[in-house]
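Let's take a relaxed look at how protein and DNA meet in this one. Have the sequence and the 3D view open, and we'll go strand by strand.

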Number of protein chains: 2
Amino acid sequence: MKTEEKIIIAARRIFREKGKDGARMQEIADQAGINKALLHYYFRSKDVLFDKIFKQEIQEVMHQILATISDQTDFRNFLYAFIREYLRNIAPRRNVIRFVLWEADKKKDQFVNYLSESFQEHGFSGNPIIGRITRAIEEGEIRPCDPVNLVLSILGMSIFPFMAAPIMERIFTGLDFTDQAFIEHRASEISALIWNGVKPEV
Amino acid sequence: MKTEEKIIIAARRIFREKGKDGARMQEIADQAGINKALLHYYFRSKDVLFDKIFKQEIQEVMHQILATISDQTDFRNFLYAFIREYLRNIAPRRNVIRFVLWEADKKKDQFVNYLSESFQEHGFSGNPIIGRITRAIEEGEIRPCDPVNLVLSILGMSIFPFMAAPIMERIFTGLDFTDQAFIEHRASEISALIWNGVKPEV
DNA sequence: GTCTATACATCGATAGAC
DNA sequence: GTCTATCGATGTATAGAC
């Protein structure tokens, strides 16, 4: 494996776990199997290395998620498919989400820019979920509601439990957020809750 | 104001914003209007100071939240009252939540212990929300569902958007997570969504 | 490209005067 | 209790040989 690649992998691991301030260049070098000097040879400084990792993490998560979005079905199926894929992507990346959300506070502008870039790269103008919800309301697929609040709810239900998984697993003993069956179960629970909440009156 | 108090206030501010690793004893001393030596005189080390703050933050949030829980009404009102009070407490503490969730990963056992202590102090055995949901299901107030998943959803919808407020406000321009009207609106949106999702079939 | 050795800054913590 | 001054450890970054 190329040295640069080894560094990237090591840096990701350390940054995700300890954050920028807690990470040590020495530890990254150790885990990459090189020394500090070489680390600085490839990436001028800790700042440069961090920014690179930070950007990569966001882009990768966004790419995974946006690639699964499809407009081609009715809202109920769209909702379920989106949430299921969302959870499948987020669940194994609990550390990434936690890390990004913590660090993003200090780099708000960059963060939002990376999001916008991802949207554009996938051909979306603006938030694709908002768009789909708005259309569903217009076409009477669901009851009128506030699209933004609905998106906030979907994001919260999907992201939060997995982001806080290590803690949640200790509060609700017996849960295993890495178990595939649990992930699928949770996806259908979220979908059902939302669908019941927004489906048109009969 | 007493010196110790000034230190606590300053330390909270700094730790919330920058985390344990990012915080500097010098900055805490500066903001408390004293010097480093005196800071170490009151709290032996950074570790000791941090643990104290970490514990206080958790206990205070939990106390505020648990104090508002009342079992005395039907589930729909219980739900709305709880979420409304929950948001009112969480919204002005976005930094605390973000900080606690970030740091709790390294101190999982302490964190869960503090939670348990808070539950007990308020006379709850186990998670009070789980208990209320279970009762509601038994008594036919709501449709049968998985209480744990429902709690995860409630927590996610409530905590996540506010925890990520600075970012969300940039993604969904125009939102103001500190605005009282928005908070109340969001509380009723969450309640409505959940209630529609779990209310018994007519 | 990769290493050893080291410079330079900063941080947490302490000694000691008042 | 509060200060100034400073120590010792550690972190980022670089110089220079290979």
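A residue counts as near a strand if one of its heavy atoms lies within 4 Å of it. A bit of housekeeping: this is a predicted model, where local features need pLDDT of at least 70, side-chain atom pairs count only at pLDDT 80 or more, and totals for chains, interfaces and linings use all residues. Residues are numbered from 1 along each chain as its sequence is written, chains are lettered from A and ligands numbered from 1 in the order in which they are written, and side-chain values use heavy atoms, with hydrogens and water left out.

## Strand D

Around DNA strand D you'll find 15 residues, and the closest are Lys36(A), His40(A), Lys46(A), Asn35(B) and Tyr42(B). Of the strand D atoms that come within 4 Å of the protein, 60% belong to sugar and phosphate.

Sorted by class, this surface has 8 nonpolar, 4 polar and 3 charged residues. Here Ala, Val, Leu, Ile, Met, Phe, Trp, Tyr, Cys and Pro count as nonpolar, Asp, Glu, Lys and Arg as charged, and the others, Gly among them, as polar.

## Strand C

DNA strand C is also surrounded by 15 residues. Asn35(A), Tyr42(A), Arg24(B), Met25(B) and Lys46(B) are the closest to strand C. Sugar and phosphate make up 62% of the strand C atoms that come within 4 Å of the protein. The class split for the surface near strand C is 8 nonpolar, 4 polar and 3 charged.

## Polar contacts

Now for some individual atom pairs. A polar contact with DNA is a pair of N or O atoms within 3.5 Å.

| Residue | Protein atom | DNA atom | Distance |
|---|---|---|---|
| Thr3(B) | side chain | phosphate oxygen, strand D | 3.1 Å |
| Asn35(B) | side chain | sugar or linking oxygen, strand D | 2.9 Å |
| Tyr42(B) | side chain | phosphate oxygen, strand D | 2.7 Å |
| Asn35(A) | side chain | sugar or linking oxygen, strand C | 2.9 Å |
| Arg24(B) | side chain | sugar or linking oxygen, strand C | 3.4 Å |
| Met25(B) | backbone | phosphate oxygen, strand C | 3.0 Å |

## Which helices take part?

Helices (H or I, at least four residues) are DSSP runs, numbered from the N terminus. Near strand D, the elements giving two or more residues are helix H3 (36–42) of chain A and helix H3 (36–42) of chain B. H3(B) provides the largest share of that surface, 4 residues. Near strand C, H3 of chain A and H3 of chain B each supply at least two residues, and the largest share, 4 residues, comes from H3(A).

Conventions
Polar contact = N/O pair within 3.5 Å; in protein donor to acceptor, adjacent residues only side chain to side chain.
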